[in-house]
Amino acid sequence: MSAEHTPPLLAFVAASGTGKTTLLEQIIPLLRSRGLRLAVIKHTHHDFDIDRPGKDSYRMRDAGARQVMVASRRRWALLTEHPDGRAEPCLEELVAALDRAALDLILVEGFKHEAVNKIELHRPTLGKPPLFPHDPQIIAVACDAPPDIPTPLPLLDLNDPPAIAAFVLRHIGRQ
């Protein structure tokens, strides 16, 4: 990363269907109410498009533009096309694209293989093995029941978003 201001990154990782998006949806307002300026970077393994056929921006991309910026008074979005066969973008590349000076914290959903601090969401009833025994970057486990494998890591109640938000604030030194 460059010498520019880079706010702390904190990833939320888990098997698909564990509730990462739901939890982030619940803690973002709690962190915002404490004055934090947030960004979220979400990883997906699926092809996606935030544009729709028939819209001007879609038409420009379809015509061959590699980047299309759509802007209004309230927001702007940059759509960037990459050639087929390109590797997944790394987290560092995506963070560099953010206006980091305007942020206090970057929350990340996914990117479990990146070397950043992480909170693992774990639901033992899903039968998925936990990540924490093999990932030293995991700083806490948010679960709805004690994990099958003991851990010295802090255990957070997955059903208590205010407690998880308080942990995040302590972790970044804001509480």
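Which strands and which helix do the buried residues of helix 1 pack against? Let's start there, and keep in mind that what you see on the screen is a predicted model.

Helix 1 covers residues 20–32. Its buried residues are Lys20, Leu23, Leu24, Ile27 and Leu31. They pack against strand 1, strand 2, strand 5, strand 6 and helix 4. The helix also passes a simple check on its length: with 13 residues at 1.5 Å a residue, helix 1 should span 18 Å, and the C-alpha atoms at its ends are indeed 18 Å apart, so the two values agree.

Now to helix 4, residues 161–171. Here the buried residues are Pro161, Ile164, Ala165, Ala166, Phe167, Val168 and Leu169. What do they pack against? The partners are strand 1, strand 5, strand 6, strand 7 and strand 8, along with helix 1. Just after helix 4 you come to Gly173, which has a positive phi of about 75°.

Let me step back to the whole chain. There are four helices and eight strands, and if you read along the sequence they come in the order β-α-β-α-β-β-α-β-β-β-β-α. The C-alpha atoms fill a box of roughly 55 × 35 × 30 Å along the principal axes. The chain has 175 residues, and 35% of them count as buried. If you take contacts between residues at least 6 apart in sequence, 55% of those join residues at least 24 apart. As for the surface, the chain exposes about 10900 Å², with carbon and sulfur atoms supplying 52% of that area.

On to charges, which I know some of you have been waiting for. The chain carries 21 positive side chains and 22 negative ones, and the centres of those two sets lie 6 Å apart. How many salt bridges does the model have? The count comes to six, and I'd like to walk through several of them.

The pair to begin with is Asp56 and Arg59, whose side chains meet at 3.5 Å, N to O. Both sit in helix 2, residues 56–62, and because they are three residues apart there, about one helical turn separates them. Asp56 and Arg59 are both exposed.

Next, please find Asp135 and Lys118. Their closest N and O atoms are 2.7 Å apart. This salt bridge links distant parts of the chain: Lys118 belongs to strand 6, while Asp135 is in the loop between strand 6 and strand 7, 17 residues away. Are these two buried or exposed? Asp135 has a relative accessibility of 13%, so it counts as buried. Lys118 has a value of 1%, so Lys118 counts as buried too.

Then there is Asp144 with Arg123, a salt bridge at 2.9 Å, N to O. It also joins distant parts of the chain, since its two residues are 21 apart: Asp144 is in the loop between strand 7 and strand 8, and Arg123 is in the loop between strand 6 and strand 7. Asp144 counts as partly exposed at 32% relative accessibility, and Arg123 counts as partly exposed at 23%.

Finally for the charges, Arg37, Asp104 and Arg174 are linked in a network of salt bridges.

Before I stop, two single residues to look up. One is Ser57, back in helix 2. Its relative accessible area is 13%, so Ser57 is buried. Which residues does Ser57 touch, leaving aside its neighbours within four places in sequence? Those contacts are Asp51, Val68 and Val70.

The other is Phe111, in the loop between strand 5 and strand 6. Most residues other than glycine have a negative phi. Phe111 is not a glycine, yet its phi is positive, at about 55°. Phe111 is also buried, since its relative accessibility is 9%.

To pull things together, we began with helix 1, whose buried residues pack against helix 4 and several strands, including strand 1 and strand 6. We then saw that the buried residues of helix 4 pack against helix 1 and strands such as strand 7 and strand 8. And among the six salt bridges there is the pair of Asp135 and Lys118 at 2.7 Å. Thanks, everyone, and do rotate the model while we chat!

Methods. Residues are numbered from 1 along each chain as its sequence is written. This is a predicted model: local features need pLDDT of at least 70, side-chain atom pairs count only at pLDDT 80 or more; totals for chains, interfaces and linings use all residues. Side-chain values use heavy atoms; hydrogens and water are left out. A salt bridge is a side-chain nitrogen of Lys or Arg within 4 Å of a carboxyl oxygen of Asp or Glu. Buried means under 20% relative accessible area, exposed over 50%, partly exposed in between (1.4 Å probe, protein chains only). The expected span of a helix is 1.5 Å times one less than its number of residues. Contact means heavy atoms within 4.5 Å. Accessible areas come from the Shrake-Rupley method with a 1.4 Å probe; for residues, only the protein chains shown count as cover. Lys and Arg count as positive and Asp and Glu as negative; His and the chain ends are not counted. The place of a charge is taken as NZ of Lys, CZ of Arg, CG of Asp or CD of Glu.
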